[in-house]
Each structure stands twice: as structure tokens, then as C-alpha cells.
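User: I am new to this structure and would like a quick tour. Please keep the answers short.

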Amino acid sequence: VYDYYARKEAWQAAPGALTALEDLRTRGVKLAIVSNFDTRLRPLLQDMDMLQMFDSVVVSAEVAAEKPNPVIFNAATDSLQLDPADCVHVGDDRRNDLWGARDAGCHGLLWGYDVKDMSQVVEWVVHGEVEEE
């Protein structure tokens, strides 16, 4: 099982993710991954042709802190040379992602609640909110 999840065949990007990431990069937005995964993440992203899309990849195994600890979020904001208040973290876990990001001074969006698709993530980053339909 461990070896299986180190292979790109075990994973796929969320629908619309690659387009959204490219859109944000085109707009000059700095992008990072903050993950409780392990040191297999960078090689995995490389195999998926996604590593180059990110300015920083911060992995809990490398910073000795897991989400929701603010240390991992601050490692990401420091690596991007950004103030936490100027950053938004999108994740699928209320405790680890939403509360963790907010405790670190970042904005936090809960996937499936605050944003339901990648175009809404872009909209939030660009406009600071998601328009209600």
C-alpha cells in the first residue's frame, strides 16, 4: 500500500485544478502546497508533471509540524515571502485546514463548503469572495 501511493497512478488532480492553477499563475499569484503527506510528495508531483506549478511545497515530515499547527502554514508563507493575511489555504478538513490556516493568520476555505469547484477558488483569490448564485 505504501509503495502504491508513491505512484502517480494512485492520484488525480481535482477536475479543473490544472486550469485553475495555470490561471492563478498567469495572474502572478504565488502557489504552495501545505501537506501532511511525507517526503514522497515532491517526486510524486514531478511524476504527475505538477511540481513546476508551485512556488513552494511544504511537507509536514520536513518541517516537523503537521496541520493544524501554525508552524507548517508559517513555513509556507515564509517560503513565499508573504504575510499570512495575504494568503488563502484551501483544504478539505475543517480542523486541520480551515482552523489551522486561520490560527496561522491565513484565510481558510473549506473545500465542499466554502468552495465547491476550482473556478470558485480562482474567484475567491482574485476577488476575495465567491459570488452567490
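User: How far is the sulfur of Cys-106 from the closest cysteine sulfur, and in which residue is that sulfur?

Analyst: First, the ground rules: this is a predicted model, where local features need pLDDT of at least 70, side-chain atom pairs count only at pLDDT 80 or more, and totals for chains, interfaces and linings use all residues. Residues are numbered from 1 along each chain as its sequence is written, and side-chain values use heavy atoms, with hydrogens and water left out. A disulfide is a pair of cysteine sulfur atoms within 2.5 Å. The sulfur of Cys-106 is too far from its closest partner for a bond: the gap is 5.1 Å, and the partner is in Cys-87.

User: How many disulfides does a search of the whole structure find?

Analyst: Cys-87 is in no disulfide; its nearest cysteine sulfur is that of Cys-106. Over the whole structure, the number of disulfides found is 0.

User: Is Cys-106 buried or exposed?

Analyst: Buried means under 20% relative accessible area, exposed over 50%, and partly exposed in between (1.4 Å probe, protein chains only). Cys-87 has a relative accessible area of 10%, so it is buried. Cys-106 has 8% relative accessibility, so Cys-106 counts as buried.

User: Why are the buried residues of H1 on the same side?

Analyst: Helices are DSSP runs (H or I, at least four residues), numbered from the N terminus. In H1, residues 17-26, the buried ones are Ala-17, Ala-20, Leu-21 and Leu-24. They share a side of H1 because the arc they cover around the axis is only 100 degrees. That arc is taken from the directions from the helix axis to the C-beta atoms.

User: Which helix is included in what covers the buried residues of H1?

Analyst: On the other side of H1, Thr-19 and Thr-26 are exposed. The cover over the buried residues includes residues 118-127, which form helix H6.

User: Which residues does Glu-129 touch, not counting residues up to four places away in sequence?

Analyst: Glu-129 lies in the segment after H6. It has 42% relative accessibility, so Glu-129 counts as partly exposed. Contact means heavy atoms within 4.5 Å. With residues up to four places away left out, Glu-129 touches Glu-123 and Trp-124.

User: Is Val-1 buried or exposed?

Analyst: Val-1 sits in the segment before H1. Its relative accessibility is 81%, so Val-1 counts as exposed.

Note on methods. Helices (H or I, at least four residues) and strands (E, at least two) are DSSP runs, numbered from the N terminus.
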